Amino acid sequence: MTKSAVLILLGPPGAGKGTQARMLEEKFGLVQLSTGDLLRAAVAAGTEAGKAAQEVMSAGGLVSDEIVLAILKDRMAEPDTAKGVILDGFPRTEGQAAALDDLLAAQGQSIGAAISLDVDDAAMIERVSGRYTCANCGEGYHDSFKQPAVAGVCDKCGSTEFKRRADDNAETVSARLEAYHAQTAPLISYYEGKGVLSRVDAMGQIDRVAADLAQIVTQVTN
Ligand code: ADP
Ligand code: ADP
Ligand code: ZN
């Protein structure tokens with residue numbers, strides 16, 4: 001049985017957080033919680049939070065801690081998260097990390113592992129610019145590194161519609177990378193100080209990275 005675990009995937013845009021979180025969901029029955037996905041849903045729904053986030057996201061900056069925390073707390077309050085969560089793209093600032101510690105402490109929980117997916121900046125730009133997803137089920141693909149088995153048909157759900165994110169363009173990507181180095185990378189030492197940090201070489205192939213992650217997650221959830 002999997003114990004209720006809270007896992008964090010840290011890494012720059014394109015590191016493979018979403019790809020790996022979906023694989024961990026399947027393998028370990030955990031729930032992926034992507035603040036990027038939640039924010040895009042808020043933008044699409046036209047909520048107040050979504051309206052405030054939209055401009056910042058298209059410029060490649062970080063949405064305010066206040067908005068992100070409100071969205072995260074709502075999602076964490078849903079019952080399926082009791083199975084354990086993989087936080088994908090959260091926290092991204094020291095303020096968010098401290099707020100997460102408080103939230104978990106109030107629920108008698110703590111962080112099982114914070115796993116940094118380490119990639120070169122150059123690889124990240126290539127990964128982000130070739131990224132697309134299934135419009136129906138959200139499965140992630142890449143023009144060179146992960147194509148569907150049958151061209152134009154989603155492996156998971158058979159849909160033939162795909163989409164690309166508006167912020168996956170060269171200018172926005174460099175702003176996102178800068179935001180990562182300035183505001184998110186310091187969280188690596190934050191979690192190292194708490195004794196929960198693991199690092200994975202995320203330059204390898206998707207299945208290789210998945211195997212390294214599975215080893216860490218098995219230790220945390222057993
Ligand atoms: P993130 O969620 O960290 O931004 P994604 O999981 O969306 O990253 O991955 C970015 C792109 O790179 C996607 O198109 C994905 O298919 C591809 N990708 C993910 N991991 C790898 C890998 N280890 N090697 C090559 N391509 C990868
Ligand atoms: P990626 O992993 O490719 O960087 P995400 O989907 O995680 O993409 O995030 C897309 C955008 O959403 C970010 O560039 C940022 O503007 C916003 N965002 C997502 N998560 C957070 C967060 N935890 N804090 C602030 N902004 C966030
Ligand atoms: Zn699909």
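The surroundings of the two ligands in this predicted model are described below.

Ligand 1 is surrounded by 17 residues, and the closest of these are Gly-14, Thr-19, Arg-131, Tyr-141 and Gly-204. Backbone atoms supply several polar contacts to this ligand. An oxygen atom of ligand 1 lies 2.8 Å from a backbone N or O atom of Gly-14, and an oxygen atom of the ligand is likewise 2.8 Å from a polar backbone atom of Lys-17. A nitrogen atom of ligand 1 is placed 2.8 Å from a backbone N or O atom of Gly-204. Of the 560 Å² of accessible area that ligand 1 has on its own, 92% is covered by the protein. Two or more residues of the shell are given by each of α1 (17-28) and β6 (140-142), and α1 provides the largest share, with three residues. By residue class, the shell around ligand 1 comprises seven nonpolar, seven polar and three charged residues.

Around ligand 2, the shell consists of 19 residues, with Thr-35, Gly-61, Arg-92, Arg-131 and Arg-176 the closest. Here side chains take part in polar contacts. The side chain of Thr-35 has an N or O atom 2.8 Å from a nitrogen atom of ligand 2. Oxygen atoms of the ligand are paired with arginine side chains: a polar side-chain atom of Arg-131 lies at 2.9 Å, and an N or O atom in the side chain of Arg-165 at 3.0 Å. The protein covers 97% of the 550 Å² of accessible area that ligand 2 has on its own. Helix α2 (residues 35-45) contributes the most to this shell, with four residues. The shell around ligand 2 contains seven nonpolar, five polar and seven charged residues.

Note on methods:
Residues numbered from 1 in each chain as written. Chains lettered and ligands numbered in written order. Predicted model: local features only at pLDDT ≥ 70, side-chain atom pairs only at ≥ 80, totals over all residues. Heavy atoms only, no water. Near = heavy atom within 4 Å. Polar contact = N/O pair within 3.5 Å; in protein donor to acceptor, adjacent residues only side chain to side chain. Areas by Shrake-Rupley, 256 points an atom, 1.4 Å probe, with all protein chains shown as cover. Nonpolar A, V, L, I, M, F, W, Y, C, P; charged D, E, K, R; others polar.
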